[in-house]
Amino acid sequence: MAHRWTNDLTRADVTPKSIFANRRQVLAAMAATGFAAPAFTGPAFAAPVFARDEANTLDQIRSYNNFYEFGFQKEDPARNAGQMVTDNWQIEVSGLVDNPGTYTLDELIGGLTVEERIYRLRCVEAWSMIIPWNGIELADVLARIGVQDGARYVAFETTLQPDNMPNAGAYGMDFPYVEALRLDEALHPLTILATGIYDEPLANQNGAPIRLVVPWKYGFKSIKSIIRISLLAEQPPTTWQRIDSHEYGFYANVNPTVNHPRWSQASERPVGAGLFGGRRDTLMFNGYDEVAPLYAGMDLRVDY
């Protein structure tokens, strides 16, 4: 199973593990001895549209997050998510499936092919990263649980642990966090369930132990710490749609021609690019043009 999609970014393009693991210590040591730190000279990317980029370091990926159950600031998830309990994780599968039930992670994904997928991540807030995920294609999990005729949507739910999530009762939010995809989006080979980054298990703030990754959509569609998957005939509500459907649509495809009501989506700020990193143009579908046929005939200014 899997291997139905080929990375345009390869393992050789990302920062080697030995470098990202030691980078902070090297810089700290140089600062302590009075030497100015040189520009980091990791391998350049082969992908032409992102030729000036490096993959983000594990430190950056783990320290700059949105996971609002742990706080509204980018550093809050890293500071507060350690309390979340991920032992003995189970996922409930329900709806229009042949094999409903509550599964351990091993029962649900054990034996499936784990691949590295180096994906661009574009947040709706107009910042971006490049992340080397480890995960399995969602299509393989759906095949395992058996999708019945009539199913058109896949809904997901994040764990809600009020005792371990200091912002779980935040005014104006609507937890537990829920998200959904159309079934053909869920079956696309780009769509994965991630369990690691840089061959390390997911940190809690990144959505441990298992999360969705849909690289052509804004990041909030890639729901974290999943405890429920449901196959449905009708389009389900999603958290950000319920909060403000004028600002956050169901599809949430990366689209530089459709601005957020309060800011432009034409460009993005690469996290970690440095003081003079500037901004770069945002690409339609975040550069994953192969998903365009999924939306043939749709007006993406209406179905945003």
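Which residues does UniProt place under the feature "binding site"? In the unreviewed entry, the feature is put at Asn65, Tyr68, Glu69, Cys123, Thr158, Asn206, Arg211, Ser222, Ile223 and Lys224, and the legends below follow some of these positions through a model that is predicted.

**View 1. The annotated positions and the largest cavity.** Of the residues that the UniProt record lists under "binding site", Ser222 belongs to the lining of the largest cavity. That lining is made up of Arg120, Leu121, Val213, Val214, Pro215, Lys217, Gly219 and Ser222. The space inside the largest cavity comes to about 40 Å³, and the structure holds one cavity of 30 Å³ or more.

**View 2. Arg211 and its surroundings.** Arg211, which the UniProt record includes in the "binding site" feature, lies in strand β9, a run that covers residues 211–213. With a relative accessibility of 5%, Arg211 counts as buried, because the cut-off for that class is under 20%. When residues up to four places away in sequence are set aside, Arg211 touches Trp133, Ile192, Leu193, Ala194, Leu202, Asn206, Ser222, Ile223, Lys224, Ser225 and Ile226. Among these contacts, Asn206, Ser222, Ile223 and Lys224 are also named in the UniProt feature. A polar atom of the Arg211 side chain is 2.9 Å from the backbone oxygen of Asn206.

**View 3. Ser222 in the loop between β9 and β10.** Ser222 sits in the loop that lies between β9 and β10, the latter strand spanning 226–232. Its relative accessibility is 4%, and Ser222 therefore counts as buried. Apart from neighbours within four places in sequence, Ser222 is in contact with Arg211, Leu212, Val213 and Val214. Val213 and Val214 appear alongside Ser222 in the lining of the largest cavity, so that this view can be read together with View 1.

**View 4. Strand β10 and its two pairings with β1 and β5.** Five of the seven residues of β10 are buried, and the strand is therefore largely enclosed by the rest of the structure. Strand β1, residues 90–95, runs parallel to β10 and is joined to it by four bridges, with Ser94 standing opposite Ser230 of β10. Strand β5, residues 153–158, pairs with β10 in the antiparallel sense over six bridges, and here Leu231 of β10 is the bridge partner of Val154. In a regular strand, side chains alternate between the two faces of the sheet.

Definitions and conventions:
Residues are numbered from 1 along each chain as its sequence is written. This is a predicted model: local features need pLDDT of at least 70, side-chain atom pairs count only at pLDDT 80 or more; totals for chains, interfaces and linings use all residues. Side-chain values use heavy atoms; hydrogens and water are left out. UniProt positions are given in the numbering used here, feature names are shortened, and annotations may be inferred rather than shown by experiment. On a 1 Å grid over the protein atoms alone, a cavity is a set of points where a 1.4 Å probe fits but cannot get out, and a pocket is an open set with protein on both sides within 12 Å along at least five of seven lines; lining residues have an atom within 4 Å of a point. Buried means under 20% relative accessible area, exposed over 50%, partly exposed in between (1.4 Å probe, protein chains only). Contact means heavy atoms within 4.5 Å. A polar contact is a pair of N or O atoms within 3.5 Å; within protein, one must be able to donate a hydrogen and the other to accept it, and residues adjacent in sequence count only if both atoms are side-chain atoms. Two strands pair if DSSP finds at least two bridges between them. Grid points are joined across faces, edges and corners, and a volume is the space filled by probe spheres set on the points.
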